[in-house]
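Okay, thanks everyone for squeezing me in. I'll put the model up and then talk you through a few spots in it.

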Amino acid sequence: MSIVDEALAERLDNAALRREPVENAGRQDVDIAYKVQESLVSRRIARGEVRIGWKLGFTSRAKMEQMGITEIIVGRLTSEMSIADGGDVDGSRFIHPRVEPEVAFRLGHKMGTTISPCDLVGAIDGVAPALEIIDSRYHNFQFTLADVIADNTSAAGFALGTWSPVSVDLDLKDRAVSLSVGGKIVERGSTGAILGDPFQAIQALSELAERRRWKFRPGDVILAGAATPAVPITQGDVVEATIGGLGSVTLRLDA
Ligand code: OOG
Ligand code: MG
């Protein structure tokens with residue numbers, strides 16, 4: 001990677017560490033953007049964070065319209081982003097956090113040490129309701145497709161509800177989704193908003209991963225992407241996502 005690309009990874013990493021947004025990079029090259037993301041995530045790993053999974057973005061029309069981007073993006077989840085269900089998260093960790101209701105999948109433990117992209121759908125052994133906190137490191141959440149990929153797809157935090165087993169006949173095509181803040185429902189939708197079926201998001205990840213030679217591990221968590229627009233949250237907010245038949249998950253942004 002060029003010195004310029006390494007400098008962007010460092011700038012985005014520092015923006016997250018200092019909670020200071022940076023100017024939109026105005027990048028256009030998606031291949032380079034994924035390299036910048038890898039470099040950015042490596043910096044976090046070097047500080048002791050552990051890779052725990054993947055996230056998809058812009059898998060629903062609601063999100064595409066909200067952010068003005070129509071291509072699916074993929075980011076990495078690390079241990080530092082994980083928030084316990086019902087837990088508090090320090091609000092000062094974020095710049096301008098937004099929250100989204102998501103469906104999370106888990107790759108099974110019984111497989112070998114790595115899972116190839118083409119085996120992804122078959123490797124799923126769990127599904128859970130999830131909340132994602134996104135926090136763009138760019139001013140005003142404004143970015144190009146390549147910019148947001150470089151910024152690890154705005155990934156900042158996530159909480160998972162209880163895992164349910166996944167069987168072949170599990171139908172996730174139209175489960176009611178709701179997001180509430182302070183006990184008031186602020187968004188409603190359906191899991192069908194995620195590419196018609198959240199399993200399609202795993203299929204999309206599998207295709208992107210094949211092209212980019214990404215490797216998966218048993219236990220990896222995969223967020224399928226928000227079914228509704230993201231909602232800004234402020235300190236003290238209690239947030240809850242509910243997915244029909246899967247239950248709910250909550251977190252509180254600590255004041
Ligand atoms: C990018 C992240 C998109 C989703 O679920 O669609 C995303 C952003 O909106 O800042 O996580
Ligand atoms: Mg998301």
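**A few spots worth a look**

Let me start with Leu195, which is partly exposed, at 33% relative accessibility. Bear in mind throughout that this is a predicted model. Leu195 sits in the loop between strand E10, residues 184–190, and helix H6, residues 198–212. What caught my eye is the backbone: Leu195 has a positive phi of about 50 degrees, and it isn't a glycine. For background, most residues other than glycine have a negative phi.

Asn140 is another non-glycine with a positive phi, about 55 degrees here. You'll find Asn140 in the loop between E6 and helix H5, which covers 145–150. With 58% relative accessibility, Asn140 is classed as exposed, because the cut-off for that is over 50%.

Okay, on to the metal. Which residues coordinate the magnesium ion, ligand 2? Three glutamates: Glu100, Glu102 and Glu132, each through OE, at 2.0 to 2.1 Å. If you like reading motifs off a sequence, the spacing of those donors is E-x1-E-x29-E. Glu102 is in strand E5, residues 98–107, and Glu132 is in strand E6, residues 124–134, so this pair ties together parts that are 30 residues apart in sequence. And are those two buried or exposed? Glu102 is buried, with a relative accessible area of 1%, and Glu132 is buried as well, also at 1%.

Now for ligand 1. There are 17 residues around it, and the closest are Lys55, Phe58, Lys63, Ser154 and Ala226. Let me go through some polar contacts to its oxygen atoms. Lys63 puts a polar side-chain atom 2.7 Å from an oxygen of ligand 1. For Ser154, a side-chain N or O atom is 2.7 Å from a ligand oxygen. Then Glu102 comes back: besides coordinating the magnesium ion, it has a polar side-chain atom 3.0 Å from an oxygen of ligand 1. How much of the ligand does the protein cover? Ligand 1 has 320 Å² of accessible area on its own, and the protein covers 100% of that. The space ligand 1 takes up is the largest cavity.

Last thing: where does that shell come from? Strand E1, residues 51–57, helix H3, residues 61–67, and strands E5 and E6 each supply at least two residues. E1 gives the most, with three.

That's my tour, happy to take questions.

Technical notes:
Residues are numbered from 1 along each chain as its sequence is written. Chains are lettered from A and ligands numbered from 1 in the order in which they are written. This is a predicted model: local features need pLDDT of at least 70, side-chain atom pairs count only at pLDDT 80 or more; totals for chains, interfaces and linings use all residues. Side-chain values use heavy atoms; hydrogens and water are left out. Donors are N, O and S atoms within 2.8 Å of the metal (3.2 Å for Na, K and Ca); water is not among the atoms, so sites may look incomplete. Helices (H or I, at least four residues) and strands (E, at least two) are DSSP runs, numbered from the N terminus. Buried means under 20% relative accessible area, exposed over 50%, partly exposed in between (1.4 Å probe, protein chains only). A residue is near a molecule or strand if one of its heavy atoms lies within 4 Å of it. A polar contact is a pair of N or O atoms within 3.5 Å; within protein, one must be able to donate a hydrogen and the other to accept it, and residues adjacent in sequence count only if both atoms are side-chain atoms. Accessible areas come from the Shrake-Rupley method with a 1.4 Å probe; for residues, only the protein chains shown count as cover. On a 1 Å grid over the protein atoms alone, a cavity is a set of points where a 1.4 Å probe fits but cannot get out, and a pocket is an open set with protein on both sides within 12 Å along at least five of seven lines; lining residues have an atom within 4 Å of a point. A molecule sits in a cavity or pocket if more than half of its atoms lie within 2 Å of its grid points.
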